[in-house]
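Q: Hey, could you walk me through this one? I'd like to start with its surface.

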Amino acid sequence: MESPGHRQNILNPNYTELGVAHVVSASGRPYWVQKFGRPR
């Protein structure tokens with residue numbers, strides 16, 4: 001919540017759904033993705 005861009009997305013009432021993914025690379029580095037959306 002300290003990042004203005006992330007905070008804006010998280011608190012945006014237009015987004016009604018959230019997808020999250022996590023993967024670890026072959027070298028052991030973790031990656032996270034968040035996708036915010038709203039069905040049509």
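Q: Okay, how much surface does the protein expose, and what share of it do carbon and sulfur atoms supply?
A: About 3,900 Å² is exposed, and 53% of that comes from carbon and sulfur atoms. Accessible areas here come from the Shrake-Rupley method with a 1.4 Å probe, and for residues only the protein chains shown count as cover.

Q: Anything I should know about the model before we go on?
A: It's a predicted model: local features need pLDDT of at least 70, side-chain atom pairs count only at pLDDT 80 or more, and totals for chains, interfaces and linings use all residues. Residues are numbered from 1 along each chain as its sequence is written, and side-chain values use heavy atoms, with hydrogens and water left out.

Q: Cool. What percentage of the residues is buried?
A: Just 2% of the 40 residues. Buried means under 20% relative accessible area, exposed means over 50%, and partly exposed is in between (1.4 Å probe, protein chains only).

Q: And what's the secondary structure of the protein?
A: You've got 1 helix and 2 strands, in the order α-β-β along the sequence. Those are DSSP runs numbered from the N terminus: helices are H or I with at least four residues, strands are E with at least two.

Q: How do β1 and β2 run, and how many bridges join them?
A: They run antiparallel, and 8 bridges join β1 (residues 17-24) to β2 (residues 30-37). For two strands to pair, DSSP has to find at least two bridges between them.

Q: Which residue in β2 is the bridge partner of Gly 19?
A: That's Lys 35. Further along, His 22 stands opposite Trp 32 in β2.

Q: What do β1 and β2 form, and how many residues are between them?
A: They form a hairpin, with 5 residues between the strands. Look at Gly 28 in the turn: its phi is positive, about 95°.

Q: Zooming in on Leu 18, where is it?
A: Leu 18 sits in strand β1. It counts as exposed, because its relative accessibility is 52%.

Q: Which residues does Leu 18 touch?
A: Gln 34, Lys 35 and Phe 36, if you skip residues up to four places away in sequence. A contact means heavy atoms within 4.5 Å. Leu 18 and Gln 34 are 16 residues apart in sequence, and their C-alpha atoms are 6.9 Å apart.

Q: New topic: how many aromatic pairs does the structure hold?
A: There's 1. Tyr 15 and Phe 36 make a tilted pair, 5.6 Å centre to centre with 40° between the planes. The two residues are 21 apart and link distant parts of the chain, with Tyr 15 in the loop between α1 and β1 and Phe 36 in strand β2.

Q: What makes a pair tilted?
A: Rings of Phe, Tyr and Trp (its six-membered ring) pair if their centres lie within 6.5 Å; planes under 30 degrees apart are stacked, over 60 edge-to-face, and the rest tilted.

Q: Is Tyr 15 buried or partly exposed?
A: Partly exposed, since its relative accessible area is 33%.

Q: What about Pro 39, where is that?
A: Pro 39 is in the segment after β2. It touches Thr 16 and Glu 17, again not counting residues up to four places away in sequence. Pro 39 and Thr 16 are 23 residues apart along the chain, with 7.9 Å between their C-alpha atoms.
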